[in-house]
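Hello,

Here is the structure I promised to pass on to you. Have a look at it first, and then read on for what I found.

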Amino acid sequence: MSTENEGTAVPPAPSAPPVPVDAPAPSAPAAHEGSTPMAPLTPSPAGGPQGYGPAADAQGYGPAGSAGPVGSAADAAWPPPPPATPSYADAGGDSGGGWGSPHQQPAPKSGRGRGGLVAAVLVAALVAGGLGGGLGYTLAKNDDNTGSTTVSASDTGGSIKRDPGTVAAVAARALPSTVTIQAESTSGEGGTGTGFVFDTQGHIVTNNHVVADAVDGGKLTATFPSGKKYDAEVVGHAQGYDVAVIKLKNAPSDLKPLTLGNSDKVAVGDSTIAIGAPFGLSNTVTTGIISAKNRPVASSDGTGSNASYMSALQTDASINPGNSGGPLLDAQGNVIGINSAIQSTGSGGLGGASQSGSIGLGFAIPINQAKYVAQQLIKTGKPVYAKIGASVSLEDSSNGAKITDQGSGGSASVEPGGPAAKAGLKPGDVITKLDDTVIDSGPTLIGEIWTHQPGDKVTITYERGGKSHTVQLTLGSRLGDN
């Protein structure tokens, strides 16, 4: 299936989460979607990633040790091309390049659009919840003097009590801490997405593709459900993770950050609640369940050069362009993910006749990963990526992530002195597992590596000469997207 992102088709993402690597950029770019049309995501099919270039560094960027993203064998430049399947959740009409829903602004240039969620591949059952209200009435007592009996209806319709665990109660607590984001570039292009309060200092967490248009001198605003609007600025953004942090100017003193949950403890079948601005309809609440975990998804902003990888939470809660950057909550109201992409059957987008909507396949960045990234962005303004220091092939495969014979730009495929080299990995080795996660392709490896932090020790299983071997290595680090 293909997902759309900013009107650009993205190659399907690998079945397992992608991992950062130093190698050539993938052959097919991925797209993001949102109000600004979400970028299409490239889910990785069970049989292996599609539309990826020949090789990519396990760091997720250029050649091992390089600062740039991974690319295809033919093109060593970073970042790798976006996947061809999923789109950003903000593809709801963004004229720019971010996910989210579009807002009234100058029409985007032909072929550009940032909204559109794109997602990976499986189908999940839809779970709907409803709340009932009580209807009361009063029976007047018999008046012996008049001999008549009167029944009168209640003036209020009865009291309605909503327990803490109901969707209505969770939404009532969470909505005041969510914002609708409008990003506009200096040329007037942009779109609408969503974000949520991260701390009392005014930091808001969202998707990179939601605010990308406003990064270089553009305009950024955040509007609360109460109608209060604040100008904002980008504190830091991580294109590879598709996470960004913005800060409200003259932030109010009564901000209430949403409580962060533990995405590692989420189970398939758990209830989910998504909040966002699908197609510009701010403060929309939808429900569903966790359909799958560790879903490898690749996406891009539709420009053909910026790719993102995630080991996503899959949900069937309705997510559409404009939902990008919004919180995915559990039944207690804790944030367990950031809605980022959707799988779509259509290919609408900015500049197109139409934009595709939810088919029950939405993808969210696990909050444990997003929290780490957000904290780094607030602290230094730049993202930090884990890496193994080896370039892997991004071609379709279901056998694993093969270390290429040559890295991007003609560099060594195994970074001298890097984690992979110290562990004894060589060109031609095929990585089949990272800890307990099966690796079926290069993009899957990149996504999985990025769920870890530099310094983490991981166990790598690989095949060489028809025999399986296992080694342990300590992940290295790379600072910044470039």
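Let me begin with a loop: Asp435 sits between strand S28 (430–434) and strand S29 (437–438). Its phi is positive, about 60 degrees, although Asp435 is not a glycine. With 31% relative accessibility, Asp435 counts as partly exposed. Please keep in mind that this is a predicted model.

Asp242 makes a good companion to that residue. Phi of Asp242 is also positive, near 60 degrees, again in a residue other than glycine. Asp242 belongs to the loop between S17 and S18, and its relative accessibility is 0%, so it counts as buried, the cut-off being under 20%.

The same loop leads to the aromatic residues. How many aromatic pairs does the structure hold? There are five. One of them is formed by Tyr241 and Tyr385, which are stacked at 4.4 Å centre to centre with 10 degrees between the planes. Tyr241 lies in the loop between S17 and S18 and Tyr385 in strand S25 (residues 384–387), so this pair ties together parts that are 144 residues apart in sequence. Both tyrosines, Tyr241 and Tyr385, are buried. They also belong to one aromatic cluster, together with Tyr309 and Trp450.

Now for the overall picture. The protein has 482 residues, and 59% of them are buried. Its secondary structure comes to five helices and 32 strands. Among contacts between residues at least 6 apart in sequence, 77% join residues at least 24 apart. The exposed surface is about 17,500 Å², with 48% of it supplied by carbon and sulfur atoms.

You may enjoy the barrel. Six strands close it in the order S13-S14-S15-S18-S17-S16, with antiparallel pairing. On average, neighbouring strands of this sheet are turned by 40 degrees against each other, direction ignored. Helix H3 (residues 367–380) packs on the sheet and touches S14, strand S15 (203–206), strand S17 (229–238) and strand S18 (243–248). The direction of H3 makes about 55 degrees with that of S18.

Within the barrel, seven bridges pair strand S13 (residues 178–184) with strand S14 (residues 190–197) in the antiparallel sense. Gln182 is placed in S13, and opposite Gln182 stands Thr192 in S14. Is Gln182 buried, exposed or partly exposed? Its relative accessible area is 27%, and Gln182 is partly exposed. The C-alpha atoms of Gln182 and Thr223 are separated by 8.4 Å, with their positions 41 residues apart along the chain.

A hairpin is worth a look as well. Strand S30 (residues 457–464) and strand S31 (residues 467–474) run antiparallel and are joined by eight bridges. Two residues lie between S30 and S31, and Gly465 in the turn has a positive phi of about 60 degrees. Ile460 has Val471 in S31 as its bridge partner.

Ile460 comes up again in the nonpolar interior. The largest nonpolar core has 58 residues, of which Leu445 and Ile460 touch the most other members. H3 gives the most to this core, with six residues. A second, separate core has 17 residues, including Ile204, Val210, Val211 and Ala244.

Happy to talk it through whenever suits you.

Best wishes

Key
Residues numbered from 1 in each chain as written. Predicted model: local features only at pLDDT ≥ 70, side-chain atom pairs only at ≥ 80, totals over all residues. Heavy atoms only, no water. Pairing = 2+ DSSP bridges. Helix = DSSP H or I, 4+ residues; strand = E, 2+ residues; numbered from the N terminus. Axes fitted to C-alpha atoms, helices over the stretch in contact; angles between N-to-C directions. Contact = heavy atoms within 4.5 Å. Core = buried A, V, L, I, M, F, W, Y, C linked by side-chain atoms within 4.5 Å. Buried < 20%, exposed > 50% of the residue type's maximum accessible area, 1.4 Å probe, protein only. Phe/Tyr/Trp six-rings, centres within 6.5 Å; stacked < 30°, edge-to-face > 60°. Areas by Shrake-Rupley, 256 points an atom, 1.4 Å probe, with all protein chains shown as cover.
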